[in-house]
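Me: I'm new to this structure and would like a close look at one part of it. Could you pick a helix, walk me through how it sits among its neighbours, and then show me a few other spots?

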Amino acid sequence: MRSKVTIIGAGNTGSATAIWLAAKDICDVVMLDVVPGRAQGKAMDLQEAVPILGHSTTVTGTSDFKDTAGSDVVVITAGNPRKPGMTRDDLAQVNAAVVAETVRSALAHSPGTILIILTNPVDAMAYLAYRVSGLAKNRVIGQAGVLDSARFQMLIAQELGVSVESVNTVILGGHGDTMVPMVRHTTIGGVPLLDLLPHDKLKILMDRVKNRGTEIVNLLKTSASYAPGAALAAMVQCILLDTHRVLPCSAYCEGEFGLHGLYFGVPVQIGRTGVERIVELPLDADEEKSLQASAEKVRTIVSGLAAYFP
């Protein structure tokens with residue numbers, strides 16, 4: 001029997017996620033949206049692309065959570081996207097109610113599912129989903145670092161004129177302007193990035209990746225979708241195919257990196273049960289300070305959502 005993945009929210013990012021999953025041909029896809037006809041129309045369009053791809057994926061559109069029953073993974077992209085002048089954190093209150101209700105509705109029909117949260121601010125929304133769902137911590141994961149790391153990887157490759165495949169990097173921390181590019185752990189073909197770029201150029205790249213989402217919002221007047229969708233599809237693939245791949249995701253920390261009771265961007269080994277373990281990196285004093293500052297900002301956002309916690 002083929003795996004079943006539900007994507008809640010058939011906007012730009014939800015649709016992009018569905019496209020990437022259909023291209024991978026690893027599961028059947030259900031797209032759900034509260035706007036009448038949106039999910040149905042996009043699913044119909046995508047379903048008609050499947051024969052062209054030479055695959056057998058079934059894509060269904062619906063506005064009824066009953067059609068999501070038995071989902072192995074539920075991806076939540078529902079909520080308000082950013083607009084020019086907004087930060088991800090500005091969306092906390094407006095998206096909290098959406099995420100809380102969506103989680104309850106999804107679990108009513110797929111109690112054994114794994115939740116992947118994309119809705120911003122993702123670290124706080126992942127924590128909210130964890131509290132509302134009552135699921136074990138391994139079954140709720142936030143998407144953040146996969147996207148941020150890919151952006152940094154691309155910027156570094158462009159600066160050095162090398163293939164992105166030669167760049168090995170990771171970004172940790174909260175998904176926002178306090179994210180922490182792990183420059184000291186970044187290599188290009190095994191060569192430390194610190195040996196290849198001077199500090200001033202590194203700082204420019206670090207500042208740009210922190211503001212890359214804002215840069216795209218200012219151009220599109222809404223949030224990015226293709227890369228976030230690809231990141232979500234990569235996480236789904238790790239779960240369905242039980243790959244045990246290590247990706248930077250927002251996961252629940254209980255002592256890792258000195259953090260407790262917090263969803264936060266860390267390296268995560270992902271398999272069929274969701275989060276298998278958090279992989280810790282050695283930190284120097286500056287990295288530790290930056291991560292703690294980022295964690296404090298996430299805690300502040302979470303504290304403002306207390307009314308939604310059971």
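Reply: Here is a walk along helix 4, followed by some shorter stops elsewhere. Keep in mind that this is a predicted model.

Let's start with length. Helix 4 covers residues 92–109, which makes 18 residues. At 1.5 Å a residue they should span 26 Å, and the end C-alpha atoms are indeed 26 Å apart, so the expected and actual spans agree.

Next, which residues of helix 4 are buried? They are Ala92, Asn95, Ala96, Val99, Ala100, Thr102, Val103, Ser105, Ala106 and Leu107. As a rule, an α-helix has 3.6 residues a turn, so residues three or four places apart point the same way.

What do those buried residues of helix 4 pack against? There are strands in the list, namely strand 1 (4–8), strand 4 (73–76) and strand 5 (114–117). Two helices are in it as well: helix 5 (122–133) and helix 10 (285–303).

Helix 5 deserves a second look. Its axis and that of helix 4 come within 9 Å and cross at roughly 40°. That angle makes helix 4 oblique to helix 5, and the crossing is right-handed. On the helix 4 side, the residues that meet helix 5 are Ala92, Asn95, Ala96, Val99, Ala100, Val103, Arg104 and Leu107. Their partners in helix 5 are Met125, Leu128, Ala129, Val132 and Ser133.

For another pair, try helix 1 (residues 12–24) and helix 9 (residues 226–240), whose axes come within 8 Å and cross at roughly 50°. These two helices are therefore oblique to each other, and helix 1 passes helix 9 in a right-handed crossing. Helix 1 brings Thr13, Ala16, Thr17, Trp20, Leu21 and Lys24 to the contact, while the helix 9 side includes Tyr226, Pro228, Leu232 and Val236.

Now over to helix 6, residues 145–160. Its 16 residues should span 22 Å, and its end C-alpha atoms are 22 Å apart, which agrees. Among its buried residues are Val146, Leu147, Asp148, Arg151, Phe152 and Leu155. Right after helix 6 comes glycine 161, with a positive phi near 70°.

Last stop: the cysteines. A search of the whole structure turns up 0 disulfides. Why is cysteine 238 not bonded to cysteine 249? Its sulfur is 7.7 Å from the one in cysteine 249, the closest cysteine sulfur, and that is too far for a bond. Cysteine 253 also has cysteine 249 as its closest, but at 12 Å between sulfurs it is too far for a bond. Cysteine 238 counts as buried at 3% relative accessibility, and cysteine 253 counts as buried at 0%.

Conventions
Residues numbered from 1 in each chain as written. Predicted model: local features only at pLDDT ≥ 70, side-chain atom pairs only at ≥ 80, totals over all residues. Heavy atoms only, no water. Helix = DSSP H or I, 4+ residues; strand = E, 2+ residues; numbered from the N terminus. Expected span 1.5 Å × (residues − 1). Buried < 20%, exposed > 50% of the residue type's maximum accessible area, 1.4 Å probe, protein only. Disulfide = S-S within 2.5 Å. Axes fitted to C-alpha atoms, helices over the stretch in contact; angles between N-to-C directions. Parallel < 35°, antiparallel > 145°, perpendicular 65-115°, else oblique. Left-handed = near helix turned anticlockwise from the far one by under 90°. Contact = heavy atoms within 4.5 Å.
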